[in-house]
Structures are given as C-alpha cells and as structure tokens.
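Here is a short tour of one protein, written for a reader who likes to check each statement against the atoms. Please have a look at the sequence and the structure before reading on.

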Amino acid sequence: GREFIDNFGSDDMEIEEDDVPPPPPQKGSTTPPLKKKPSKTRSKAKAVSTTPPLSTDKSTTPPLPATKKARQEKPAAAKPNKLGVQQEIANIVKLALKVPYKKKKITKEDYKTIMKQVVSKVYESKHVKRGDPLRPDKITEMVAVYIKQTKHKAKSQKLQDTELPEPQAV
C-alpha cells in the first residue's frame, strides 16, 4: 500500500493485472466472479487482498443462455403494465364521477360510458404513452366536459322525443 503511494508516478513502476481489484459483481448477474491468478509481482512487498477468497463449491448451476422470454421481460419491467395504469386512471375518474352520480346528475349508463371513454382516451394519450405521470386535475376536467356533453345529449334527446308526433293507429 505505502510502497505504491511512494512510487506513484515513477517511470519504473509496472502495474500487473493482479494489482487491480476485479469490479464488484453486478446485481442480478448470473456469471460467477473471475478467479484470481497467482501473483507474479516483482516487488518484495506483498499486496493485501480485501476481497474474500472465492468458494470452490461446484453446486452452483451454470448460467443459462438468454432466451426470448428473458429478453422480453426487461422492457416490461421498465414500462408500467397496462392494467395498472388503467386502474390508476379509473380510480381518478371514479372520484370525479362520484358526486355527480350521487346527486343524480348522471345515470348509471352515463357513468359507465363516461368511465369507458375517459379511461380509454387518457390511456391512449401521448402523455401516458411517453410515461409522464398522471395529472388528476386534467383528468377531472375531462370528466367534467364529458358530463356536460352527456347532459346536452340527454336534453337534446328529450326535445326530439317531445317534438316528434306519435304515430296514429290506423
């Protein structure tokens, strides 16, 4: 240790592979760490190893070759799953629809259609596809717009029903 520091920068210093400690094994790595070769140093001072001796136990299984399934799992871990994101959106929409439904401003059918439309629209938006976080305030605004549209459709449907004369029996 001290000899290395004293000789640092001198021209006659040689660094061998054994002097450099191996990198720590990466998390999730299936390859065993490399075995250390016997030291062939020319200096009289012996380097002290800080790594524990490797086990010679042969009971470990050899690393398996990468399969298509293993390769497909990596991107899926980085990308949130579809059902989880849709469930988050649905929970936000439920909260936004709760009050109008309890006050009977929308029917059960309206509730269902608004829920389906908003969840699909938000999930298919470019923001969710990019992985941006969900914005409950924006989703709530969208629900309010859909409620207004539903009320307007119901109102115009009532007007059409009252304006059309009923067919006379012959």
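The report below goes from the overall build to the charged side chains and then to one helix.

## Overall build

Keep in mind throughout that this is a predicted model. The protein has six helices and zero strands, so its run of elements from the N terminus reads α-α-α-α-α-α under the DSSP-based assignment. It has 170 residues, and 13% of them count as buried.

The accessible surface adds up to about 15,700 Å², with carbon and sulfur atoms supplying 58% of that area. As for how the chain meets itself, take the contacts with a separation of 6 or more: 57% of them are between residues 24 or more positions apart.

## Salt bridges

How many salt bridges does a search of the whole structure find? The search gives four, and three of them are described here, one by one.

One of them joins the side chains of E109 and K112, with an N to O distance of 4.0 Å. Both residues belong to helix α4, where they are three residues apart, or about one turn of the helix. K112 is partly exposed because its relative accessibility, 39%, falls between the 20% and 50% limits.

Another salt bridge links R130 and D132 through their side chains, at 3.1 Å from N to O. Is R130 buried or exposed? With a relative accessibility of 58%, R130 is exposed, because the value is over 50%. D132, its partner in the salt bridge, has a relative accessible area of 31% and is therefore partly exposed.

The side chains of D137 and R135 also form a salt bridge, with 3.7 Å between N and O. D137 has a relative accessibility of 42%, so it counts as partly exposed. R135 reaches 46%, and so it counts as partly exposed too.

## A positive patch on the surface

Which residues make up the positive surface patch? They are K103, K105, K148 and K151. K103 sits in the loop that connects α3 (82-102) with α4 (108-123). Its relative accessible area is 57%, and since the limit for exposed is over 50%, K103 counts as exposed.

A patch like this takes in residues with over 30% relative accessible area and no salt bridge. K103 clears that area cut-off, because its value is 57%.

## Helix α6 and its neighbours

Helix α6 covers residues 136-163, and A154 is one of the residues in it. The relative accessibility of A154 is 41%, so A154 is partly exposed. Where does D110 lie with respect to A154? The two are 44 residues apart along the chain, and 9.7 Å separates their C-alpha atoms.

T150 is another residue of helix α6. Here the relative accessible area is 15%; that is under 20%, and therefore T150 counts as buried. Which residues does T150 touch once its neighbours within four places in sequence are left aside? T150 is then in contact with D110 and I114.

D110 thus appears twice in this part of the report: in a C-alpha distance to A154 and in a contact with T150.

Technical notes:
Residues are numbered from 1 along each chain as its sequence is written. This is a predicted model: local features need pLDDT of at least 70, side-chain atom pairs count only at pLDDT 80 or more; totals for chains, interfaces and linings use all residues. Side-chain values use heavy atoms; hydrogens and water are left out. Patches are made of residues with over 30% relative accessible area and no salt bridge: like charges are joined within 9 Å, nonpolar side chains (Val, Leu, Ile, Met, Phe, Trp, Tyr) within 5 Å. Accessible areas come from the Shrake-Rupley method with a 1.4 Å probe; for residues, only the protein chains shown count as cover. Lys and Arg count as positive and Asp and Glu as negative; His and the chain ends are not counted. The place of a charge is taken as NZ of Lys, CZ of Arg, CG of Asp or CD of Glu. Helices (H or I, at least four residues) and strands (E, at least two) are DSSP runs, numbered from the N terminus. Buried means under 20% relative accessible area, exposed over 50%, partly exposed in between (1.4 Å probe, protein chains only). Contact means heavy atoms within 4.5 Å.
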